[in-house]
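Me: Please take me through this model, and set each term against its definition.

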Amino acid sequence: MSNEQVKTALRSQVIEVPSWAYGNSGTRFKVFAQQGVPRDPFEKLADAAQVNAVTGVAPKVSLHIPWDKVEDYAKLAAHAADVGVSIGAINANVFQDDDYMLGSVTHPDPRVRRKATDHLLECVDIMDATGSTELKLWFSDGTNYPGQDDTRARQDRLAESLAEVYARLGEHQRFLLEYKLFEPAFYTMDLPDWGTAYAHCIALGPKAMVVVDTGHHAPGTNIEFIVAVLLRSGKLGGFDFNSRFYADDDLMVGAADPFQLFRILWEVRCSNGFDPTINGGHGVSFMLDQCHNIEPKIPGQIRSVMNVQEATAKALLVDRDAIAVAQAAGDVLGANAVLMDAFNSDVRPLLREVREEMGLHPDPMAAYAATGYAEKIRTERVGGTQAGWGA
Ligand code: RM4
Ligand code: MN
């Protein structure tokens with residue numbers, strides 16, 4: 001790839017930010033409130049727009065329902081457009097209601113299953129109202145003890161609900177099915193791994209895709225292998241990017257293990273995953289799913305977007321011809337060296353050029369600091385109830 005081709009690809013990459021990154025968050029021990037945090041989804045979108053303004057590659061914002069519930073979704077979408085962004089994936093929430101203690105769509109009681117599926121259908125209504133084309137489904141469903149429930153029956157209940165939601169999707173809509181190894185259920189999650197998610201998606205059809213949340217695997221899992229397999233079968237819908245040191249830490253992507261992020265994005269490139277026309281025109285969605293518990297939120301998002309850009313640039317710089325020659329010759333060290341050369345290159349000057357060519361400040365962190373927006377929201381957003389995880 002020529003330098004110009006690399007730059008063109010970097011300019012057209014879209015990195016989607018989550019509305020919940022701008023609200024207060026924490027651990028089960030303590031949520032530290034920050035000044036200037038949004039009080040409603042409109043203010044969250046205004047904050048997200050700041051990230052796009054200085055990076056130029058973050059024009060979409062994922063919503064989480066009911067955290068981002070509003071009276072008038074068309075008005076919310078219009079507000080998004082006013083501030084220069086649009087609504088991305090609608091994330092359903094069937095994990096924060098007393099009814100869901102034993103599960104949502106897999107619950108043994110059909111009344112609870114109905115309630116959960118109705119919420120998922122409501123999320124498709126919200127997609128219609130906002131112009132969103134993606135529904136993200138993550139289920140906290142599972143069991144804590146052997147014998148607690150019928151594992152296979154729970155799969156049947158899950159399949160039944162997914163089929164109903166699938167049938168409700170419009171022509172240009174799709175759903176992304178997310179898996180997670182453990183937590184909150186500890187014995188079995190009903191969607192613990194990519195294989196289970198893949199099996200459900202395959203049974204449903206082309207509008208059902210798997211989403212890989214990088215924090216949802218056991219330590220040491222070769223996530224890039226999963227990415228390669230899913231892309232090969234046309235079932236990788238997107239990513240929920242974040243970093244983990246131990247469990248589902250939701251830290252900034254590329255902070256804990258930038259090499260892993262590079263390896264993942266290299267596999268994306270090998271399977272033409274940066275092409276927005278694949279997957280029936282949906283491409284692969286590069287979404288962030290993070291919380292900023294102790295760092296300022298807008299700069300935390302800007303840093304995360306930059307981390308994805310840097311890893312993408314390195315993946316695009318791998319000399320594909322050279323690595324193909326080395327691989328075909330069985331040159332183990334030569335092939336590895338080609339990959340490592342790209343990883344070890346400093347792509348920051350290249351990204352500064354890309355930004356200047358887009359009419360942006362070369363340093364997004366400095367550009368944001370210079371806007372004075374942080375002080376503005378600190379002084380203006382007084383009173384009201386700050387948005388937070390769970391509200
Ligand atoms: C889950 C999962 C979902 C996210 C929620 C908040 O662990 O990662 O994608 O929406 O957390
Ligand atoms: Mn996620």
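Me: What makes the approach of H64 to ligand 1 a polar contact?
Reply: A polar contact is a pair of N or O atoms within 3.5 Å. An N or O atom in the side chain of H64 is 3.0 Å from an oxygen atom of ligand 1, so the pair meets that cut-off. An oxygen atom of ligand 1 is also 3.1 Å from an N or O atom in the D213 side chain, and one is 3.2 Å from a polar side-chain atom of H216. The protein covers 95% of the 290 Å² of accessible area that ligand 1 has on its own (Shrake-Rupley method, 1.4 Å probe).

Me: How far can these values be taken?
Reply: The model is predicted: local features need pLDDT of at least 70 and side-chain atom pairs pLDDT 80 or more, while totals for chains, interfaces and linings use all residues. Side-chain values use heavy atoms, without hydrogens and water; residues are numbered from 1 along each chain, and chains are lettered from A and ligands numbered from 1 as written.

Me: Which residues surround ligand 1?
Reply: Among them are W67, N91, W138, E178 and K180; a residue counts as near if one of its heavy atoms lies within 4 Å.

Me: Why are β3 and β4 called paired?
Reply: Pairing requires at least two DSSP bridges, and strands are DSSP runs of E, at least two residues long. Strand β3 (residues 86-91) and strand β4 (residues 134-138) share two bridges in the parallel sense, so they count as paired. I90 has L135 in β4 as its bridge partner.

Me: In what order do the strands close into a barrel?
Reply: The eight strands run β1-β2-β3-β4-β6-β8-β9-β10, with parallel pairing.

Technical notes:
Helix = DSSP H or I, 4+ residues; strand = E, 2+ residues; numbered from the N terminus. Polar contact = N/O pair within 3.5 Å; in protein donor to acceptor, adjacent residues only side chain to side chain.
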